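Q: Got a minute to go through this one with me? I'd like to talk about the packing, then the charged pairs.

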Amino acid sequence: ILQSSDSSPWMFQPGIRRIQGFRCTHQLSPWLGDYGQATFLPICGEPSEVHAGASERASSYRPEDSTLAPHVLSLHLMRYGVQAQLIPTERCAMLAAQYSKSEVPGFIFDFPGTTTPVIKEDNANRTLSFESSANSGGVQKGFACYYVLHFSERWTDFISSTSHGHHLGVVHFDQAVTSINVRIGTSFISFEQAAHNLELEIGTKSAAALRTEGEAVWNNHLRRVEVKGGTTEQQKILYSCLYRTLLFPRIWHEPDASGAMQHRSVYTGNVEAGVMYADHGYWDVYRAWYPMMTVLFPERLGEILQGWVNIYKEGGWLPQFPCPGYRACMTGSLIDSVFGEAAAKGIKGFDMDAAYAGLKKHATERGNPDAGYGRRGVEEYLKFGYVPAGLVDQSAAETVDAAYGDFCIAQVARALGKTEDYEMFMKRSDSWRHLFDPETGFIRGKKEDGTWLTPFNPVRWGDPYVEGSAWQHRWDVPHDIAALIEGLGGKEKTVAALEQMLTMAPDFATGSYGKEIHEMSEMAAVRFGQYAHSNQPVHHVLSIFSAAGRQDRAAYWSHRVMEELYTVEGFAGDEDTGSMAAWYVLSALGIFSLCPAKAEYLLGRALFPSATLHLSGGKTLVIESAVKAAAQTTTTFNGKTITASTITHTDVLAGGHLRFL
């Protein structure tokens, strides 16, 4: 990642054509901060200036003359006359530098800290080691990311200093040196593990060999979906989105000497056996990312789920927003959806019994939401059947999230044969009805005494909602959409309400936020009414058209969103660990998971004339589309007409031909 700001968590801005270095990071979100980071920069000459701040030693580069691909980043550092190439592996990287100036070549590493660091220097073996303990929380005592740097050349001098809240190390090489390769190993366990990771993943391989290996790995992933037709821009957007979906969650486990996986637990502080993942916000990704994974990468998904189970085993609670450990962020316990979907769709590879124990615990016992685990307002929810406004912040959002979560937990209970628990959680999943107001047709905040929170303004943002107003939260009943449609007066009135949402003015009142937050600005910036696609709460809404019998309108609006709000330059709002990208991938295939914990997909219309999905077990699903977005769509699967606008997960994984005619 290019670091374009000295201290801001918004470390990369495309419009800034100067970089401070190549930053080792896997930051989940600027809102939650970074951890264990370090920055690297090859330089040439100017040894007296390198100890200034990162901004002072930055170099210009030209994006149009650079190469940015999943397996390599190559650019020219104009100030230093250095052609730099970053080639990543899972836990390591090679930074190759070619020097064109006649001045003294050098290399800088920079990591946060104020106390005197321990930097191990071994020029005989061309190795430098240091540890970065930088973090924003969610870590154990003594946390560190361990770095081992192996240079292709011995250095002539090494200087270290501490200033501007950072530690700085600078090495210089003989003036005759014209290129260096720096092999960088990392570990959250130890220096020895970092060296082991470096040997396994890079060893003595050349830059060309590493590029070839990385390209093969990424092509293997990206070729799970092969499209034909469409514009070049549409294909670029699709594959860029698929690439982005695969960047998170972070692989946290590391192989021991025998190849078995282990990890430094941020929950126990010890090295524990087994897999572990970090950096995922379930509130963001449950609507599209996990459904996409159940189709395209179910085996990897099973391993990821076991990582979440291991968090429960080590920390005693399932996480809300692991970054890398327990962090408090957003409403609900949407990991419920992740496991409910896995149970409904038969995903293997994780301990479902342990997962269920963790799910039931946070749905029935008081946790510590401020510390990143447990449901907020669970006691009030159990007492009143809803979360009352005035007692708990964002009460309406917490209620509907809990109701959907209870439905998801019920699916796990059913898969395990726990009939009584299944019935109990299914009954609890009706709790959203307490907050549905039939007179206005909206989910509303309700006080402890059973009266509505007034005055009611459907475009007022914030409490009792979160990052939205009543319009965005009107549809937060994915598990019981038929009942919501009935409550809105039937399918025709539901379709009319959806059309109104998408075509009305994008008005908003700042409400409890007291200022215009970026989600409001992003909604107002585009012509989609109250449909704020820039944020995740509405990402299931267009599929409700299909549930209401208007697949053609689902197709029309999803195509408009894909064509107008996704470009090769970027997204209309927060990407959030693959959530917005996964929405595009699924929508471009003509399918979407309205309720992830049901083993079915609502149909729209595929974007490309032909798309082939390479599925598990060597099976393929060919999706073809031959109609325009505004046309009434007839859909067939293996030659038979689909009348209900849905296709089952079983049929999708069995493969065959899905055609939009």
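A: Sure, starting with the packing: the largest nonpolar core has 183 residues, and Leu149, Trp308 and Phe339 touch the most other members. A nonpolar core here is a set of buried Ala, Val, Leu, Ile, Met, Phe, Trp, Tyr and Cys residues joined through side-chain atoms within 4.5 Å. Buried means under 20% relative accessible area, exposed over 50%, and partly exposed in between, using a 1.4 Å probe and protein chains only.

Q: Which helix gives the largest share of this core?

A: Helix 10, residues 395-415, with twelve residues. Helices (H or I, at least four residues) and strands (E, at least two) are DSSP runs numbered from the N terminus.

Q: And what is Phe339 in contact with, leaving aside its neighbours within four places in sequence?

A: Leu305, Trp308, Val309, Leu318, Phe350, Ala355, Leu359 and Val412. Contact means heavy atoms within 4.5 Å.

Q: Which residues does the second, separate core include?

A: Ile87, Met94, Phe191 and Ala194 are among its 14 residues.

Q: Before we switch topic, what are the ground rules?

A: It's a predicted model, where local features need pLDDT of at least 70 and side-chain atom pairs count only at pLDDT 80 or more, while totals for chains, interfaces and linings use all residues. Residues are numbered from 1 along each chain as its sequence is written, and side-chain values use heavy atoms, with hydrogens and water left out.

Q: OK, charges. How many salt bridges in the whole structure?

A: A search finds 24. The criterion is a side-chain nitrogen of Lys or Arg within 4 Å of a carboxyl oxygen of Asp or Glu.

Q: What does Glu64 pair with?

A: Arg17, with the closest N and O atoms 2.8 Å apart. That pair links distant parts of the chain, 47 residues apart: Glu64 is in the loop between strand 4 (59-60) and strand 5 (67-69), and Arg17 is in the segment before strand 1 (18-19).

Q: Is Glu64 buried or exposed?

A: Exposed, because its relative accessibility is 54%. Arg17 counts as partly exposed at 38%.

Q: And Glu379, what's its partner?

A: Arg366, the closest N and O atoms being 2.6 Å apart. Glu379 sits in helix 9 (residues 378-384) and Arg366 in the loop between helix 8 (352-364) and helix 9, so the salt bridge ties together parts 13 residues apart in sequence.

Q: Which residues are linked in a network of salt bridges?

A: Asp336, Arg375, Asp406 and Arg428.
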